[in-house]
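Here are my notes on this one, in the order I'd go through them at the screen. Have the viewer open while you read.

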Amino acid sequence: MNTSWKLQDAKAKFSQVVENALKMGPQYVTRRGREAVVVLSVKEYQKITTPKPTLKEFLLNCPKMDDGFEFERQKDYPRDVEF
């Protein structure tokens, strides 16, 4: 299916452009042979415009471990390296 449309074709088949954007993803519209605009679903638009948390906010919101949590170290020894 088509993901790139000439402007005149996109105008003539706008319903199909919208349907493809909903089902297949972004639809590119060209004008004079150059990409001009992109038609995409609201879901995709919100995904790219929703603010992402900073690394600090992400780390502060991570689940906390209990005080009694203990790490179990691997008992493997490092391999021998020959020089």
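**Notes on the model**

1. Let's start with a pair in helix H3: lysine 47 and glutamate 44 are three residues apart there, so about one helical turn separates them. They form a salt bridge, with the closest N and O atoms 3.5 Å apart. (A salt bridge here is a side-chain nitrogen of Lys or Arg within 4 Å of a carboxyl oxygen of Asp or Glu; helices are DSSP runs of H or I with at least four residues, strands are runs of E with at least two, and both are numbered from the N terminus.) Lysine 47 is partly exposed at 48% relative accessible area, and glutamate 44 is partly exposed too, at 27%. For these labels, buried means under 20% relative accessible area, exposed over 50%, and partly exposed in between, using a 1.4 Å probe and protein chains only.

2. Before going further, the ground rules. This is a predicted model, where local features need pLDDT of at least 70, side-chain atom pairs count only at pLDDT 80 or more, and totals for chains, interfaces and linings use all residues. Residues are numbered from 1 along each chain as its sequence is written, and side-chain values use heavy atoms, with hydrogens and water left out.

3. On confidence: pLDDT is the predictor's own confidence in each residue, from 0 to 100. The protein averages 91, and 99% of the residues score at least 70. Among the elements, strand S2 (residues 27-31) has the highest mean, 97, and helix H4 (residues 55-60) the lowest, 92. Where pLDDT is low, the predicted coordinates should not be read in detail.

4. How many salt bridges does a search of the whole structure find? Two. Besides the H3 pair, glutamate 19 bridges to lysine 23, with 3.4 Å between the closest N and O atoms. These two sit four residues apart in helix H2, so again about one helical turn lies between them. Glutamate 19 is partly exposed at 34%, while lysine 23 is exposed at 66%.

5. Next, the inside. The largest nonpolar core has six residues: Trp5, Ala10, Val17, Ala21, Val29 and Val39. (Such a core is a set of buried Ala, Val, Leu, Ile, Met, Phe, Trp, Tyr and Cys residues joined through side-chain atoms within 4.5 Å.) Take valine 17: neighbours within four places in sequence aside, it contacts Trp5, Ala10, Gln27 and Val39, contact meaning heavy atoms within 4.5 Å.

6. Serine 41 deserves a click. It lies in the loop between strand S3 (34-39) and helix H3 (42-49), yet it is buried, at 11% relative accessible area. Leaving aside neighbours within four places in sequence, serine 41 touches Ala21 and Leu22. Ala21 belongs to the core above.

7. Leucine 22, in helix H2 (residues 14-23), counts as exposed at 55%. Leucine 22 joins Phe14 and Val18 in a nonpolar surface patch of about 280 Å². (Patch residues have over 30% relative accessible area and no salt bridge; like charges are joined within 9 Å, nonpolar side chains, namely Val, Leu, Ile, Met, Phe, Trp and Tyr, within 5 Å. Areas are Shrake-Rupley with a 1.4 Å probe, and for residues only the protein chains shown count as cover.)

8. One for the backbone check: arginine 32 has a positive phi of about 55° although it is not a glycine. Arginine 32 is in the loop between S2 and S3 and is exposed at 79%.
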